[in-house]
Every structure is written in structure tokens, then in C-alpha cells.
Amino acid sequence: MPESWPESWLTPIDNYCERLGPGFRAEPLNAATNGAFLAAALYALVLWRRMRATIVDSSKKRPVHAHS
């Protein structure tokens with residue numbers, strides 16, 4: 001087995017440029033981009049709910065007919 005291979009499946013991999021260590025907060029750029037994706041998903045959910053509420057509200061209104 002080559003020297004660079006991990007000893008087991010549970011050995012942390014930390015031999016690439018962004019990784020600062022084996023800990024939970026070892027990839028700050030990855031954590032920031034993941035947070036940005038979560039914020040964008042939350043914003044999209046809020047927009048979708050607002051749009052849906054607007055469509056439901058407008059569908060409850062009865063059409064106004066002009067009498068001649």
C-alpha cells in the first residue's frame with residue numbers, strides 16, 4: 001500500500017489545500033459557501049411562499065362583472 005493511503009476508512013483526510021486540520025471547522029471557505037447556499041435556499045422558500053400566498057389570495061376574489 002502506498003505511503004499516502006489512509007490507515008483505515010475512519011482516518012481523516014487532510015492532505016489538500018483548503019483543509020486546515022481534521023476538526024469540524026477545518027474548511028472555512030467550504031463552510032461559508034455552504035452557508036450561502038442555505039441562505040439562498042431560505043430566501044427562495046420565502047419568495048415562493050409569498051408568491052403562492054398572492055396567487056391564493058387573488059384566486060379567492062370574485063370577478064367583477066359590469067352591468068349594462
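This report covers the fold, surface and two residues of a predicted model.

**Overall fold.** The chain has 68 residues, and 6% of them count as buried. Its secondary structure comprises one helix and zero strands. That helix, α1, runs over residues 28–60. The accessible surface of the chain is about 7000 Å². Carbon and sulfur atoms account for 64% of that surface.

**Annotated span.** The UniProt entry, which is unreviewed, assigns "transmembrane region" to residues 29–48. In the model this span is 100% helix and 0% strand. The C-alpha atoms at its two ends are 29 Å apart.

**Nonpolar patch.** Six side chains are worth locating here: L42, L45, V46, W48, M51 and I55 make a nonpolar surface patch. The patch has an area of about 580 Å². V46, one of its members, sits in helix α1. V46 counts as partly exposed because its relative accessibility is 34%, and partly exposed means the range between 20% and 50%.

**Before the helix.** L20 lies in the segment before α1. L20 counts as exposed because its relative accessibility is 66%, and the exposed class starts over 50%. Leaving out residues up to four places away in sequence, L20 touches A26 and P28.

The two residues are set out below.

| Residue | Relative accessibility | Class |
|---|---|---|
| V46 | 34% | partly exposed |
| L20 | 66% | exposed |

Terms used. Residues are numbered from 1 along each chain as its sequence is written. This is a predicted model: local features need pLDDT of at least 70, side-chain atom pairs count only at pLDDT 80 or more; totals for chains, interfaces and linings use all residues. Side-chain values use heavy atoms; hydrogens and water are left out. UniProt positions are given in the numbering used here, feature names are shortened, and annotations may be inferred rather than shown by experiment. Helices (H or I, at least four residues) and strands (E, at least two) are DSSP runs, numbered from the N terminus. Patches are made of residues with over 30% relative accessible area and no salt bridge: like charges are joined within 9 Å, nonpolar side chains (Val, Leu, Ile, Met, Phe, Trp, Tyr) within 5 Å. Accessible areas come from the Shrake-Rupley method with a 1.4 Å probe; for residues, only the protein chains shown count as cover. A salt bridge is a side-chain nitrogen of Lys or Arg within 4 Å of a carboxyl oxygen of Asp or Glu. Buried means under 20% relative accessible area, exposed over 50%, partly exposed in between (1.4 Å probe, protein chains only). Contact means heavy atoms within 4.5 Å.
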